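Student: I have a structure open in front of me and would like to learn how to read it. Could you show me how to begin?

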Amino acid sequence: MLENIIFQEGYPFSGRRLSNMKEFLKQMVLDYDEGIEYSLSLLNEEYEIIGCGSLEANVLKCIAISSKYQGMGLAATIVSNLVKEAYNQGRSHLFLFTKPNNRAMFEDLGFYSILKTEDILFMENSKQGLKNYIELLKKESDSKMKGKPNNRIGAIVANCNPFTNGHRYLIEQATNQCDWIHLFILSENKSAFPTEVRYELVRQAIKDMDNVILHQTSDYLISSATFPTYFIKEKSKAIEANCRLDLELFARIAPKLRITVRFVGTEPYCEVTSSYNKAMNKILPEYGIEVKEISRKKDMGKPISASQVRKIMQTGNLDTLRKLVPETTYQYIVSEEGRKLVKSWKN
Amino acid sequence: MEIKHIGTAGTMGSSDILVTIEKISNGIDISLNSSVEKQFGNQIRSVIAECIKNSGIENAKVTAVDKGALDCVIRARVETAVYRACDSQDYVWRGIK
């Protein structure tokens with residue numbers, strides 16, 4: 001029986017405590033994830049770590065128990081504390097990733113499976129979470145689509161950070177080929193432009209497009225919840241596994257909205273996105289979803305990208321943006337709020 | 001009393017129950033995950049429902065992860081979670097009215 005367990009917590013750990021935890025995770029064949037915001041370690045009387053767990057936003061991570069101490073309820077202690085910490089931060093919808101063989105343990109701690117791939121089991125602490133999200137998507141669509149042709153339905157998932165003429169072009173190409181397009185904007189608030197601004201700029205820019213239905217991705221598509229990397233050793237494999245999980249989740253949601261094709265812009269710049277697109281081409285057809293890559297719209301021979309727009313916002317001549325973004329985005333960029341935003345990037 | 005934010009009480013340790021209460025707009029929704037669901041699931045739900053009803057709260061989502069807690073423990077945890085969710089310290093234990 002364990003009597004003297006020592007608790008250590010950090011927001012997150014640094015220095016010796018951090019290196020000790022990394023060392024412990026390494027022994028457990030896990031990686032420490034750099035985005036972690038809160039960690040908890042349990043130590044025995046000799047000050048050796050016997051278990052630990054971490055939290056990044058609403059995702060529980062890097063949970064491990066030393067093999068000598070398994071079966072004593074330590075996982076429950078760690079998960080209880082992580083869950084409470086998340087609740088104290090006002091987050092009630094929680095996720096975790098684990099190896100598929102840990103399923104029973106986490107089910108006992110109030111988590112439910114969403115999806116399992118070969119390497120990863122993705123769980124949430126709500127029985128109905130994904131189902132409720134799909135219900136919401138349907139509600140957002142049904143009233144609009146009622147009584148109109150709906151033979152071919154497509155989807156686009158985009159960050160729009162911020163919305164450019166390139167996005168507009170991609171959506172136009174997609175709507176030309178479909179009766180309806182579901183446009184999913186990433187909900188994760190980790191981009192240069194805050195989520196509500198990105199969403200609002202998209203909403204304004206597509207006002208004239210009657211057959212586009214705007215959604216938020218919530219936690220279920222390309223969120224920090226669906227892109228874990230920490231417990232897979234080779235990083236290249238990790239990215240592949242992440243892509244697979246995210247895409248399989250998309251493949252689960254798509255048929256509920258009768259989506260049969262996903263449109264994506266070609267990716268000339270970002271390596272992660274380009275390998276994500278590659279994975280998309282491989283995985284979605286397995287589920288009967290077609291993938292259409294649309295060449296990016298160009299300005300003076302160069303593909304338009306949101307990252308280029310952000311660069312110009314910081315250093316360049318704002319006038320050149322007029323050719324790259326719609327009027328609504330431009331107005332935001334030159335507004336006081338937009339200027340404040342650029343300043344905040346520099347700090 | 002009115003729910004102001006998420007309130008939580010308890011642990012997932014053996015013989016305990018972790019209760020979380022948050023605001024929703026449409027009635028009482030109790031979601032239970034219990035190691036003794038088959039034997040006592042309905043009993044646990046009814047104890048939780050009764051506590052919530054006594055507290056006068058009409059709209060709440062209650063999530064509970066139970067590890068075989070006795071009824072008295074369940075009541076204590078639910079009552080505490082309610083007080084915490086409401087930022088209230090006007091404690092009247094065993095029977096929020």
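Student: How many residues does each chain bring to the contact?

Tutor: Keep in mind that this model is predicted. The size of an interface is often given as the accessible area lost when the parts come together. Here we can count residues instead: chain A and chain B bring 14 residues each. On the chain B side, strand S2 (17–22) and strand S3 (28–34) each supply at least two residues, and S2(B) gives the largest share, 3 residues.

Student: Which classes of residue make up the side of chain B that touches chain A?

Tutor: That side has 9 polar, 4 nonpolar and 1 charged residues.

Student: Now chain A. How many helices and strands does it have?

Tutor: Chain A has 11 helices and 14 strands. Its radius of gyration is 22 Å, close to the 20 Å that the globule rule gives for 347 residues, so chain A is as compact as a globular protein of that length. Of those 347 residues, 39% count as buried.

Student: Let's pick helix H2 (residues 74–88) of chain A. How far does it reach?

Tutor: From first C-alpha to last, H2(A) reaches 21 Å, close to the 21 Å expected at 1.5 Å a residue.

Student: Why is H2(A) described as largely enclosed?

Tutor: A residue is buried if 20 or more other C-beta atoms lie within 10 Å of its own. In H2(A), 12 of the 15 residues are buried, so the helix is largely enclosed by the rest of the structure. Among them are A:Leu74, A:Ile78 and A:Tyr87.

Student: What covers them?

Tutor: The cover includes strand S3 (49–56) and helix H3 (103–108) of chain A, together with strand S1 (7–9) and S2 of chain B.

Key
Residues numbered from 1 in each chain as written. Chains lettered and ligands numbered in written order. Predicted model: local features only at pLDDT ≥ 70, side-chain atom pairs only at ≥ 80, totals over all residues. Contact = placed C-beta atoms within 7 Å. Helix = DSSP H or I, 4+ residues; strand = E, 2+ residues; numbered from the N terminus. Nonpolar A, V, L, I, M, F, W, Y, C, P; charged D, E, K, R; others polar. Rg over C-alpha atoms; globule rule 2.2 N^0.38 Å. Expected span 1.5 Å × (residues − 1).
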